[in-house]
Amino acid sequence: MIQIMFTVYGEPVAKGRPRFSTRGKFPVAYTPEKTKTYESEVGMMAKAAMGASEALEGALEAFIYVTFPVPASYSKKRTEACLNETEKHTKKPDLDNVIKSVIDGMDKIVFLNDSQITSIHATKVYGEVPKVEVLIKQTS
């Protein structure tokens, strides 16, 4: 069983909705710049973790641990509650949208197609260092 593990430091970015514009008379969809930048950062960290290995084949399991910084406006007491997980991260961005940007960033690097992922385990918490920790396990 093969495992790939890496960390992307910095504030996690949710997958942005596609934007639309027109080129001449034709509508064109494009991904927001912030999302593209984050996905390429995920891709760089994934490439480093993969080394010279080829993209994984077969069924995969993804474990994604997302850490957001505690807002600076929170009181000392509330910050402490966030850090000891008494107060959960129930604010935006949505966990599923962060997962989408992380998985899209790994596409064609860690796996051939995201349809290979048969199970996702994800957690969103507050922490002192904003980051996303990723573990991909081959299950077959």
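**Close-up views of the predicted model**

**View 1. Strand 4 and strand 6 in the sheet of the predicted model.** Strand 4 (residues 60-69) and strand 6 (residues 131-138) run antiparallel and are joined by eight bridges. Within this pairing, Tyr-65 is found opposite Glu-133 of strand 6. The structure shown here and in the views below is a predicted model. Strands of a sheet pair through backbone hydrogen bonds, in either a parallel or an antiparallel manner.

**View 2. The open sheet and its edges.** The sheet is open and consists of four strands in the order 1-6-4-5, with mixed pairing. Its edges are strand 1 (3-9) and strand 5 (117-127); each has a single partner strand, so one side of each is left without a neighbour in the sheet. From one strand to the next, the twist averages 10 degrees.

**View 3. Helices against the sheet.** Helix 1 (residues 33-50) lies across strand 1 and strand 6, and its direction is at about 140 degrees to strand 1. Helix 3 (residues 95-106) also packs on the sheet, where it touches strand 1, strand 4, strand 5 and strand 6. The direction of helix 3 makes about 120 degrees with that of strand 5.

**View 4. The largest nonpolar core.** This core holds 26 residues, of which Phe-6, Val-102, Met-106, Val-110 and Ile-136 touch the most other members. Two or more residues are contributed by each of strand 1, helix 1, strand 4, helix 3 and strand 6. The surroundings of Val-110 can be followed residue by residue. With neighbours within four places in sequence set aside, Val-110 is in contact with Ile-4, Ala-46, Met-50, Ala-55, Leu-56 and Ile-136. Ile-136 thus appears again, as one of the residues that touch the most other members of the core.

**View 5. The salt-bridge network around Lys-15.** Five salt bridges are found in the whole structure, and two of the pairs are shown here. Lys-15 forms a salt bridge with Glu-39, with the closest N and O atoms 2.7 Å apart. This pair links distant parts of the chain, since Lys-15 lies in the loop between strand 1 and strand 2 (19-23) and Glu-39 lies in helix 1, 24 residues apart. Lys-15 is partly exposed, at 23% relative accessible area, whereas Glu-39 is buried, at 14%. Asp-104 also forms a salt bridge with Lys-15, and here the closest N and O atoms are 2.7 Å apart. Asp-104 belongs to helix 3 and is 89 residues from Lys-15, so that this pair too links distant parts of the chain. With a relative accessibility of 30%, Asp-104 counts as partly exposed.

**View 6. Lys-108 and its partner Asp-107.** Lys-108 is located in the loop between helix 3 and strand 5. Its phi is near 70 degrees, a positive value in a residue other than glycine. Lys-108 forms a salt bridge with Asp-107, the closest N and O atoms lying 3.6 Å apart. Lys-108 counts as exposed because its relative accessible area is 58%, and a residue is exposed over 50%. Asp-107, at 25% relative accessibility, counts as partly exposed. By contrast with this pair, Lys-15, Glu-39 and Asp-104 are joined into one network by salt bridges that share partners.

**View 7. Backbone features between helix 2 and helix 3.** Pro-93 is placed in the loop between helix 2 (76-83) and helix 3. The peptide bond from Lys-92 to Pro-93 is cis, with omega near 5 degrees. Glu-85 lies in the loop between helix 2 and helix 3 and has a phi near 65 degrees, a positive value in a residue other than glycine. Glu-85 counts as partly exposed, with 36% relative accessibility. Most peptide bonds are trans, and most residues other than glycine have a negative phi.

**View 8. The aromatic pair.** The count of aromatic pairs comes to one. Tyr-74 and Tyr-126 form this edge-to-face pair, with 6.3 Å from centre to centre and 70 degrees between the planes. Because Tyr-74 lies in the loop between strand 4 and helix 2 and Tyr-126 in strand 5, the pair ties together parts that are 52 residues apart in sequence. Both Tyr-74 and Tyr-126 are buried.

Note on methods:
Residues are numbered from 1 along each chain as its sequence is written. This is a predicted model: local features need pLDDT of at least 70, side-chain atom pairs count only at pLDDT 80 or more; totals for chains, interfaces and linings use all residues. Side-chain values use heavy atoms; hydrogens and water are left out. Two strands pair if DSSP finds at least two bridges between them. Axes are lines fitted to C-alpha atoms, for helices over the stretch in contact, and angles run from 0 to 180 degrees between N-to-C directions. Contact means heavy atoms within 4.5 Å. Buried means under 20% relative accessible area, exposed over 50%, partly exposed in between (1.4 Å probe, protein chains only). A nonpolar core is a set of buried Ala, Val, Leu, Ile, Met, Phe, Trp, Tyr and Cys residues joined through side-chain atoms within 4.5 Å. A salt bridge is a side-chain nitrogen of Lys or Arg within 4 Å of a carboxyl oxygen of Asp or Glu. Rings of Phe, Tyr and Trp (its six-membered ring) pair if their centres lie within 6.5 Å; planes under 30 degrees apart count as stacked, over 60 as edge-to-face and the rest as tilted.
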